Amino acid sequence: MKHCHIVSAEQFKREHLEEIFGAADAARYAVERNGGTETLARKLVSVIFYQPSTRTAETFKAAALRHGARVSYNPDAKIFSSAAKGESLEHTIRVLGGEYMADLIVLRHPNDDAAERAAGIDMAPIINAGSGTKQHPTQALVDMYTIKNELGRLENLHVVMAGDPMYGRTIRSLACLLALYPGNRITFVSPPDVCIGDDIKLYLRKLGTPFEETDDMDSVLGQADVWYHTRVQEEWYKATGQMELYERIRLRYVMTPEHVAKMKPEARLMHPMPINGEIATALDDHPQVIYFKQATRYAVPIRMGLLTLMLTPGYTPPWGWRKP
Ligand code: CP
């Protein structure tokens with residue numbers, strides 16, 4: 001590949017995360033000291049989203065702008081691009097990354113293979129900002145950076161991931177990164193109908209990360225170091241004609257102050273957001289809740305770090321995605 005692309009959490013090794021966290025720390029320092037840098041002045045970042053977003057789109061834009069880059073943003077490319085006229089993703093990416101166009105493309109798309117297809121064009125670096133139900137690698141980097149800063153370590157953690165492991169691309173990507181560190185253990189909490197995919201189980205086994213599955217949230221509340229709660233994502237159930245299943249499970253696990261009271265005092269409650277009823281709003285300002293910090297304090301520096309590493313002239317990060 002001519003360019004460095006981020007397609008899947010599986011492309012990263014532990015040392016790669018250390019490099020990215022270092023770049024994020026530097027970005028954080030620069031924002032706190034000077035409001036940002038001019039490192040990417042005159043670079044053009046194209047943010048093109050075929051699915052709705054608050055955090056990923058806005059924090060990528062903030063990251064680019066805080067490095068002095070220019071941003072072009074299409075928040076609804078399904079309608080406001082020639083995809084509405086039947087254009088292929090490949091042609092759209094060839095144009096966005098064409099001569100005098102974007103230096104880097106941040107892409108969110110409902111298809112599982114979209115980021116891989118866009119990276120395969122190799123016209124400009126691609127960052128997968130969420131592809132279908134499978135991967136959201138930069139969210140996982142944000143989540144790991146959040147855990148590192150809030151808990152002080154990335155190893156010997158029991159992480160409980162609850163809600164919708166089947167369609168939860170953030171759960172799937174985070175599981176892959178947790179597996180890079182020794183001593184970690186994962187419990188997936190969900191109804192049996194929506195358990196984590198076999199491909200992720202295979203990956204965890206390959207890397208020697210123990211995991212369990214349960215549908216009983218209460219049984220693991222007191223064991224978690226990190227509780228990673230997620231939304232049951234109506235959009236996928238609607239698209240696949242499974243609304244009866246969705247209605248049955250959507251509020252199966254609602255986290256309340258009573259639940260958090262049963263967690264270890266040093267445990268933290270995370271959520272990739274958006275939240276749609278599965279966490280009581282009474283918890284928003286609870287000292288063990290860190291999802292707002294996760295959404296901005298840790299997301300903007302990680303995304304600034306990625307942009308710097310991927311756009312530094314003459315430097316190719318060693319973690320770039322390779323065509324299988
Ligand atoms: N975490 C996340 O992907 O949120 P958005 O859908 O708002 O980008």
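## Worked exercises on a two-domain predicted model

The side chains of Arg-172 and Asp-199 form a salt bridge, with 2.6 Å from N to O. Keep in mind throughout that this is a predicted model.

**Exercise 1. Find out which parts of the chain the pair Arg-172 and Asp-199 ties together.**

Step 1. Place each partner: Arg-172 belongs to helix α6 (residues 169-178), and Asp-199 belongs to helix α7 (residues 198-206).

Step 2. Look at the spacing along the chain. The two parts are 27 residues apart in sequence, so the pair links α6 with α7.

Step 3. Check the distance against the cut-off: a salt bridge needs the nitrogen within 4 Å of the carboxyl oxygen, and here the value is 2.6 Å.

Step 4. Put the pair in context: searching the whole structure gives 17 salt bridges.

**Exercise 2. Describe how domain 1 and domain 2 meet.**

Step 1. Set the bounds. Domain 1 covers 9-135 + 299-311, while domain 2 covers 137-295. Their centres, taken over C-alpha atoms, are separated by 24 Å.

Step 2. Count the residues in contact: 32 from domain 1 and 30 from domain 2.

Step 3. Turn to area. The size of an interface is often given as the accessible area lost when the parts come together. For this pair of domains the buried area is about 2700 Å², with 60% of it on carbon and sulfur atoms. Phe-21, Arg-55 and Thr-133 supply 25% of what domain 1 buries against domain 2, more than any other three residues.

Step 4. Sort the interactions. Between the domains there are 0 salt bridges, but 8 residue pairs are in polar contact, both residues being at pLDDT 80 or more.

Step 5. See which elements take part on the domain 1 side. At least two residues each come from α1 (14-34), α2 (55-66), β3 (104-109), β4 (126-131) and α12 (299-311). The most come from α1, with 8 residues. By class, this side of domain 1 has 13 nonpolar, 9 polar and 10 charged residues.

**Exercise 3. List the residues around the ligand, then pick out side chains with a polar atom at a short listed distance from a ligand oxygen.**

Step 1. Collect the surroundings: Ser-53, Thr-54, Arg-55, Thr-56, Arg-108, His-136, Gln-139, Pro-272 and Met-273.

Step 2. Read off the distances to a ligand oxygen. The side chain of Ser-53 has an N or O atom at 2.6 Å, that of Arg-55 has one at 2.9 Å, and a polar side-chain atom of His-136 lies at 2.9 Å.

Step 3. Link back to Exercise 2: Arg-55 is also one of the three residues named for the area that domain 1 buries.

**Exercise 4. What backbone features mark Pro-274 and Tyr-100?**

Step 1. Recall the background: most residues other than glycine have a negative phi, and most peptide bonds are trans.

Step 2. Take Pro-274. A cis peptide bond joins Met-273 to Pro-274, with omega about 5°. Pro-274 sits in the loop between β9 (268-270) and α11 (291-295).

Step 3. Take Tyr-100. Its phi is near 65°, a positive value, and Tyr-100 is found in the loop between α3 (89-96) and β3.

How values were computed. Residues numbered from 1 in each chain as written. Predicted model: local features only at pLDDT ≥ 70, side-chain atom pairs only at ≥ 80, totals over all residues. Heavy atoms only, no water. Domains from an automatic or database assignment. Contact = heavy atoms within 4.5 Å. Buried area = accessible area lost by both parts, 1.4 Å probe. Polar contact = N/O pair within 3.5 Å; in protein donor to acceptor, adjacent residues only side chain to side chain. Helix = DSSP H or I, 4+ residues; strand = E, 2+ residues; numbered from the N terminus. Nonpolar A, V, L, I, M, F, W, Y, C, P; charged D, E, K, R; others polar. Near = heavy atom within 4 Å.
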